[in-house]
Amino acid sequence: MSTFPVPDAARGATMRARTLATVSCLACATALLASLSACGGGGGGGAVPAPPPAPAPAPTPAPTPSTPIAAQMTVPAPVGYDAQRLAAFNRLNEIRVSAGLGMVAQNALLDQAAQAHAEWMIANDAFVHEETPGTTGFTGVHFWDRDEALGYVPVGGDEVMSSGARASAGVDLLVNMLYHRIAILAFEPVDVGVGWSNSIASAVRTPLVIDLTRPGTDPVRGFGQAAQERIQGVAIWPLDGSRGVPTLLGDELPSPVPGQDESSLGTPVSIMVDHMQTIGVSSFTMTNATSGESVPTFLLTSETDPNRQVPRSFVALIPLAPLSVDTLYRVRFVGHTAAAYSGDVADINRTWSFVTAGL
């Protein structure tokens, strides 16, 4: 994942951004996790994955007050997508709506930037976020450079990528990984660009590129969007009642748990709120409902994250071993949120459950 935080949208003037589902279908992703790579792994389908690119976050500037639009529950049907890009677009929005978030709309300029990067990776045989000046097909070092080069001024946002999967399966793979989940389940993005190549190189295979952001030139949509009212400002993953949840985290590199290989970690559970709020944790637990035993976990927050990729609006619980197959797990979270400007505090008390995929 490639992320940069930036100030909120300018009022009336162009801003130069330099800082910044249901998971029933996720059973198919379980079988893929051992062979696919996302935003940091190359290869798949029998190929040996290449080491993933490490995200390079920039310092977070002081935020400014904003008024997001209501959650986008409909967006125009995308135009010009092939079957793979359309499948990725639809799956992304299925996941967001099921999680209680707003949909993201196709943006042709972001599409061009994402597609150009997918083709650049194939041409240069490199599965990385940063392009090298002077190389074949170069359009910008960072994703925000590429977006701007095509005429879109991004405010905040992320780029996530997968390699070695068909496009919709790549989205399922990405949402299962913590750092990528943060991007996919962020409340505020309103626009998306999707790139896809059916080509194969030594270090990258059928790359999927997704840019999620909001427009700095739009004084309304530039402030982003809120979540659906039904989730009361709190997005969980996996969803309550989900079935077919993968048992493994997958190839999330760098590993979010210090001193432990990511391939040995189970699928994490998470809580996310609006980016202008901070989550405080009183208790966060996962239990194997069949055995009654507590699952050994690592609590990932902005303070405990060894890679400094987690915002204050996100917390996760990472099992220190793969989850058991076809097993019911229960999750309990008790904590609070604190608003950035008013300092208002609201309690969070959530209990939910899910069932892992079978063999």
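Trainee: Over how many bridges do strand 7 and strand 9 pair?

Mentor: Good place to start, and keep in mind that this is a predicted model. Strand 9 covers residues 269-272, and strand 7 pairs with it in the antiparallel sense. The count of bridges between strand 7 and strand 9 is three.

Trainee: Which residue of strand 9 is the bridge partner of W237?

Mentor: Strand 7 runs over 235-237, and its pairing with strand 9 is antiparallel. Looking across from W237 into strand 9, the bridge partner is S270.

Trainee: Which strands stand at the edges of the open sheet?

Mentor: Four strands make up this open sheet, with antiparallel pairing, and their order is 7-9-12-11. An edge strand has a single partner strand, so one of its sides is left without a neighbour in the sheet. That description fits strand 7 and strand 11 (297-300).

Trainee: What does the twist average from one strand to the next?

Mentor: The strands to follow are those in the order 7-9-12-11. Going from one strand to the next, the twist averages 10°.

Trainee: Which strand gives the most to the lining of the second largest pocket?

Mentor: Happily, strand 7 turns up again here: strand 7 and strand 14 (345-356) each supply at least two residues of that lining. The top contribution is three residues, and it comes from strand 14.

Trainee: How many residues of the lining of the second largest pocket are nonpolar?

Mentor: The second largest pocket holds about 170 Å³ of space. Its lining has 13 residues, and R230, I231, V234, I236 and D240 are the closest to its centre. Three of the lining residues are polar and three are charged, while the nonpolar ones number seven.

Trainee: Let's turn to charges. How far apart are the closest N and O atoms of R91 and E94?

Mentor: Side chains of opposite charge can pair when their charged atoms come close. R91 and E94 both sit in helix 2 (residues 83-98), three residues apart, about one turn of the helix. They form a salt bridge, and the closest N and O atoms are separated by 3.2 Å.

Trainee: Is R91 buried or exposed?

Mentor: Its partner E94 has 43% relative accessibility and counts as partly exposed. The cut-off for buried is under 20%. R91 has 5% relative accessibility, so R91 counts as buried.

Trainee: Which parts of the chain does the salt bridge between R146 and E131 tie together?

Mentor: The closest N and O atoms of R146 and E131 are 3.8 Å apart. R146 belongs to helix 4 (residues 143-149) and E131 to a loop, so the pair ties together parts that are 15 residues apart in sequence. Those parts are helix 4 and the loop between helix 3 (108-124) and helix 4.

Trainee: In which strand does E159, linked with R146, lie?

Mentor: R146 also forms a salt bridge with E159, with the closest N and O atoms 3.0 Å apart. The two lie 13 residues apart and link distant parts of the chain, R146 being in helix 4 and E159 in strand 4 (residues 154-163). R146 and E159 are both buried, and the strand you asked for is strand 4.

Trainee: How many salt bridges does a search of the whole structure find?

Mentor: The pairs we discussed include R91 with E94 and R146 with E159. Over the whole structure, the search finds five.

Trainee: How many residues of helix 5 are buried?

Mentor: Helix 5 spans residues 167-176 and is mostly covered. Among its buried residues are A167, G170, D172 and N176. Out of ten residues in helix 5, the buried ones number nine.

Definitions and conventions: Residues numbered from 1 in each chain as written. Predicted model: local features only at pLDDT ≥ 70, side-chain atom pairs only at ≥ 80, totals over all residues. Heavy atoms only, no water. Buried < 20%, exposed > 50% of the residue type's maximum accessible area, 1.4 Å probe, protein only. Salt bridge = Lys/Arg side-chain N within 4 Å of Asp/Glu carboxyl O. 1 Å grid on protein atoms, 1.4 Å probe; cavity = no way out; pocket = protein on both sides within 12 Å on 5 of 7 lines; lining within 4 Å. Points joined across faces, edges and corners; volume = space filled by probe spheres on them. Nonpolar A, V, L, I, M, F, W, Y, C, P; charged D, E, K, R; others polar. Pairing = 2+ DSSP bridges. Axes fitted to C-alpha atoms, helices over the stretch in contact; angles between N-to-C directions.
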